Amino acid sequence: MTHPSDRSARPLVRLTGIKHVREQRKKISTPSPVTGDQAYVKSINRIALLRLLREHAGISRADLSERSGLTRSTVSLLIKELIDEGWLVEADAFVTGTAGRRPTPLKLAGKDMVLLGVDLGPDAIRVVATSIHGEILEASQAALRSKDPDEACHQLVEMATALSAKMARGGSRLLGIGVGLHGPVDKRSGMLEFAPNIGWRHVEIGRRLGAELAQAGLADVPVYYHNEADLAAVGETEFCERPVDDPLVYVSCGVGVGAGIILNHALFTGASGSAGEIGHTTLVIEGQPCSCGRLGCAEAYIGLKAIAAAAGCFQDDVIDRRALRARMSSRNPATRAAFARAGAYLGVLLQNVWTTFNPQVIVLGGETVTFGGDTLLDAASEVLSRYAERAGLIAPVVKTARHSDLATAVGGAAFVLHAMFNPHQPALHSQYVPAPDSV
């Protein structure tokens with residue numbers, strides 16, 4: 001074990017492993033009285049109250065006591081702290097129809113609190129700052145300067161630091177940073193396993209981000225990273241009206257194709273963290289080559305590179321996005337046909353997603369959806385409807401992401417809040433976070 005005084009050997013970030021999570025879950029589920037760290041117990045109780053108010057905005061202290069099982073005095077003390085810290089606000093008291101003091105409604109406020117989300121894409125980095133309610137306060141975007149992991153992480157932290165500093169000048173406090181990666185993250189090791197469109201294999205993103213953030217003076221800020229489609233799915237459910245659509249599948253359509261799955265109010269990541277890699281499921285046996293090395297993958301037909309190539313907007317491994325947008329705006333027949341073909345393949349993929357996960361809602365997002373618009377979506381809907389009619393079934397609702405190209409970045413911000421409110425959810429245990437508590 002590293003001695004506390006040996007600062008050179010101390011890890012910059014702490015990996016919350018599966019053993020730790022199981023131990024913490026035991027602390028909560030054990031029916032015997034909790035006799036451990038009182039600060040820990042207090043933190044859990046605070047989180048419980050915040051979660052209740054998120055699900056039931058406007059309830060009173062008495063309601064919170066009844067729903068949480070905590071004593072009224074404990075609730076009153078914790079609520080006072082949360083109001084003083086800016087988490088909560090008291091609304092006008094409502095009429096109950098009985099004599100006596102009227103209950104005072106409480107609501108989440110998140111005053112002067114900000115969440116940062118980042119989308120580290122194959123070609124660009126997007127960074128957003130949001131409120132705890134999901135309102136976009138600021139956003140920035142830049143082309144990826146280098147695909148070297150160290151350089152990419154440096155640029156990411158550089159952009160995140162600039163936006164964080166701007167928010168700090170306005171008096172806001174940064175609660176955490178969520179980073180979306182375009183490949184599966186092994187939740188047992190925290191390593192990015194394979195991101196074919198950026199050329200990364202077995203990359204220790206956590207170590208790199210930790211070192212960069214420490215140099216930028218943000219070593220104490222919680223940092224989470226996950227697959228980009230997973231984060232976008234969390235964004236769709238965390239920043240929405242209650243009740244949440246569940247199950248929900250978010251299908252990310254960009255250079256790559258992937259899915260984030262919300263099941264029983266939790267992020268479903270599979271045994272190692274690679275659940276939802278639908279872009280590398282086979283649509284055509286012995287079909288077109290894919291970036292992963294296989295043949296006939298969905299990405300080879302629905303990915304933006306394949307569409308741009310068919311539209312004549314792809315050369316030297318670079319997508320000419322400006323030309324692609326202009327040709328769609330001018331209703332160029334070849335470009336529209338390329339998106340329509342991709343839409344038909346997308347419809348097949350959605351049919352497979354539907355029969356596999358049986359979701360209430362499928363959400364489509366990413367720049368392919370933005371570029372393709374109705375041409376892509378109408379073709380996909382027609383194919384999905386045809387499958388449903390033949391089976392005599394009703395297809396799930398399909399809608400587009402609320403934040404379009406920013407869905408992953410906003411999802412990163414949402415993931416910070418999600419992790420804070422669900423600290424013992426198993427799907428979160430691969431994330432690197434610094435030691436200090438955030439709530």
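Here are three short exercises with worked solutions on a predicted model.

**Exercise 1: the sheet**

Work out which strands sit at the edges of the three-stranded open sheet, and how strand 9 is joined to strand 10.

*Solution.* Start with the strand order, which is 8-9-10, with antiparallel pairing. Next, look for strands that pair on one side only: those are strand 8 (185-186) and strand 10 (200-203), the edge strands. Now zoom in on strand 9, residues 191-195: three bridges join it to strand 10, and the two run antiparallel. For a specific partner, take Leu192, whose bridge partner in strand 10 is Val203.

**Exercise 2: the cysteines**

Find how many disulfides the structure holds, then check Cys292 by hand.

*Solution.* Recall that a disulfide is a covalent bond between the sulfur atoms of two cysteines. Searching the whole structure turns up zero of them. For Cys292, the closest cysteine sulfur belongs to Cys297, at 3.8 Å. The cut-off for a disulfide is 2.5 Å, so the Cys292 and Cys297 sulfurs are too far apart for a bond. Then try accessibility, where buried means under 20%. Cys292 has 15% relative accessibility, so it counts as buried. Cys253 has 1%, so it counts as buried too.

**Exercise 3: a helix pair**

Describe how helix 10 and helix 12 are arranged, and list the residues that make the contact.

*Solution.* Take the axes of helix 10 (residues 321-329) and helix 12 (residues 367-391): they come within 10 Å and cross at roughly 15°. Angles under 35 degrees count as roughly parallel, so that is the label for helix 10 and helix 12. The crossing is left-handed. Helix 10 contributes Arg321, Leu324, Arg325 and Met328 to the contact, while helix 12 brings Glu367, Phe371, Gly372 and Thr375.

Note on methods. Residues are numbered from 1 along each chain as its sequence is written. This is a predicted model: local features need pLDDT of at least 70, side-chain atom pairs count only at pLDDT 80 or more; totals for chains, interfaces and linings use all residues. Side-chain values use heavy atoms; hydrogens and water are left out. Two strands pair if DSSP finds at least two bridges between them. Helices (H or I, at least four residues) and strands (E, at least two) are DSSP runs, numbered from the N terminus. Buried means under 20% relative accessible area, exposed over 50%, partly exposed in between (1.4 Å probe, protein chains only). Axes are lines fitted to C-alpha atoms, for helices over the stretch in contact, and angles run from 0 to 180 degrees between N-to-C directions. Angles under 35 degrees count as roughly parallel, over 145 as roughly antiparallel, 65 to 115 as roughly perpendicular and the rest as oblique. A crossing is left-handed if the near helix is turned anticlockwise from the far one by less than a right angle, and right-handed if clockwise. Contact means heavy atoms within 4.5 Å.
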